[in-house]
Amino acid sequence: MHGKDMTLEVRNLGKLYWPKNGKTPGGGIQPISFSLKPGTFFTLLGPSGCGKTTTLRCIAGLEQPDEGSLRLGETVFFDADTDALVPLNRRNIGMVFQSYAIWPHMTVFENVAFPLRVEKGVKRDKAQIARMVDVALTTVGLAGYASRSATQLSGGQQQRVALARAIVRQPGLLLLDEPLSNLDARLRDEMRNELKRLQKQIGITTVYVTHDQHEALEMSDVIAVINAGVLEQMGSPREIYDRPRNAFVASFMGGTNLLPARTEAAVAEDARQTVRLEAGQDVSVVFPYAVPAGRKIAVSVRPEAVQLAPVGTPLPAGWNELIGKVGTSGFLGNMMRYSIDLPTGRIEAHQPPDAGFAEGDAVSVRFAADKALGLIDQAA
């Protein structure tokens, strides 16, 4: 399978769920399009209920879309125009879900061998099944675990068994629906790195669903940020973090400070311009995307881009300054996290661990103009 072109093509794929009143859609996904080259790690990222799992289920064949088309390589999974529909069991897809669905009454070997035994139209002898299971278990670091009972496994080991079962048939596509969410924080970090390594080693196109921004940033080649069924932005992790398309994307990608502001006229892409915050201060910002006239905006400043200094400290050229008061502070080991009260509201600042500001101190809040982004605020 991997020798062929296994590009995943999704075109205008839409699926809406209608409540009993039949008047307004109750969830789902508005038409979404993307093309994934073989071997891409693609993440659908967004809050709960945004439509990311619906998209995954449509790709898997667990849901039938209302419109659009789906193709993996030369195989058309779904096409609304031609009524083409390939059932789930003929899509050659590996899947791992939030609950790993490991069968407790089976050994590790039998859990992983299960897809090989039930695959329709394919007969494999015992030696072939044993070889394929051994390869899958070795790939996920569980060589020697075949005879163990599934009930003797840790959470991380169960996760690896679920992965081995998903890849044992060498599928053309791997779908992962929040597979790390049941693990503790340390194990989640460990499995994050392991998953990425495995995916690169196998070279399989992967569609990953998560609401965890750190997972998405660390693991993905391409991220699609979804909000209320709408694809807000798609791009590389760095592109989405550094050039968010709007205030929602900025706030969802790792957290940011959003300062309400306004512009008097339309602004061109990549323009640097002075805007007035709602509290009255003027700040110089960069607009990564064009903003039409009359739209409310928010100035996005990441906490790590904010510097604090005693009031009266000289300001670097081209920087903005706001005067505030330290509200709260917290020591996080590798940094201090400060919440600063401003006339515009609160702003969070991440400072070195030896920063010595006390609650109630008046401080100069400063940030470079190119670290302040003028973004459309859809919530406004």
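**Exercise 1. The six-stranded sheet**

In what order do the strands of the open sheet of six strands stand, and what is the pairing?

Solution. The model is predicted.
- Step 1: the order is S7-S8-S9-S3-S10-S11, and the pairing is mixed.
- Step 2: look at the edges. S7 and strand S11 (230-235) stand there with a single partner strand each, so one side of each has no neighbour in the sheet.
- Step 3: add the angle. Neighbouring strands of this sheet are turned by 15° against each other on average, direction ignored.
- Step 4: inspect one pair. S7 and strand S8 (residues 173-177) run parallel and are joined by four bridges. Ile93 stands opposite Leu173 in S8.

**Exercise 2. A helix across the strands**

Find the strands that helix H1 lies across, and give its angle to S8.

Solution.
- Step 1: locate H1 at residues 52-60.
- Step 2: list the strands. H1 lies across strand S3 (41-45), S7, S8, strand S9 (205-210) and strand S10 (222-227).
- Step 3: read the angle. H1 runs at about 150° to S8.

**Exercise 3. The five-stranded sheet**

Lay out the open sheet of five strands and name its edges.

Solution.
- Step 1: the order is S16-S20-S17-S18-S19, with antiparallel pairing.
- Step 2: strand S16 (307-310) and S19 are the edge strands. Each has a single partner strand, so one side of each is left without a neighbour in the sheet.
- Step 3: the twist from one strand to the next averages 45°.

A general point helps here. Strands of a sheet pair through backbone hydrogen bonds, in a parallel or an antiparallel way.

**Exercise 4. Walking from S16 to S19**

Follow the pairs across this sheet and give the number of bridges for each.

Solution.
- Step 1: S16 and strand S20 (residues 362-368) run antiparallel, joined by four bridges. Pro310 has Val363 in S20 as its bridge partner.
- Step 2: S20 also pairs with strand S17 (residues 319-331), antiparallel, over seven bridges. Here Gly324 has Val363 as its bridge partner. Val363 is thus met from S16 by Pro310 and from S17 by Gly324.
- Step 3: six bridges join S17 to S18, again antiparallel. Ser329 stands opposite Tyr338 in S18. The hairpin of S17 and S18 has four residues between the strands, and Gly333 takes a positive phi near 90° in it.
- Step 4: strand S18 (residues 336-342) pairs with strand S19 (residues 345-351) over seven bridges, in the antiparallel sense. Asp341 stands opposite Arg346 in S19. Two residues lie between the strands of this hairpin.

**Exercise 5. The largest pocket**

Which elements each supply at least two residues of the lining of the largest pocket?

Solution.
- Step 1: the elements are strand S7 (93-96), helix H2 (108-118) and helix H4 (155-167). S7 gives the most, with four residues.
- Step 2: take the whole lining. There are 25 residues, and Leu88, Ile93, Met95, Pro115 and Arg169 lie nearest the centre of the pocket.
- Step 3: sort the lining by type. It has 16 nonpolar, four polar and five charged residues.
- Step 4: note the space, about 550 Å³.
- Step 5: link back to the six-stranded sheet. Ile93 is among the residues nearest the pocket centre, and Ile93 also stands opposite Leu173 in S8.

**Exercise 6. One glutamine**

Which residues is Gln213 in contact with, leaving aside its neighbours within four places in sequence?

Solution.
- Step 1: place Gln213 in helix H6 (residues 213-219).
- Step 2: list its contacts: Leu45, Phe252, Met253 and Gly254.
- Step 3: check the side chain of Gln213. It reaches the backbone oxygen of Phe252 at 2.8 Å.

Methods:
Residues numbered from 1 in each chain as written. Predicted model: local features only at pLDDT ≥ 70, side-chain atom pairs only at ≥ 80, totals over all residues. Heavy atoms only, no water. 1 Å grid on protein atoms, 1.4 Å probe; cavity = no way out; pocket = protein on both sides within 12 Å on 5 of 7 lines; lining within 4 Å. Points joined across faces, edges and corners; volume = space filled by probe spheres on them. Nonpolar A, V, L, I, M, F, W, Y, C, P; charged D, E, K, R; others polar. Polar contact = N/O pair within 3.5 Å; in protein donor to acceptor, adjacent residues only side chain to side chain. Contact = heavy atoms within 4.5 Å. Pairing = 2+ DSSP bridges. Axes fitted to C-alpha atoms, helices over the stretch in contact; angles between N-to-C directions.
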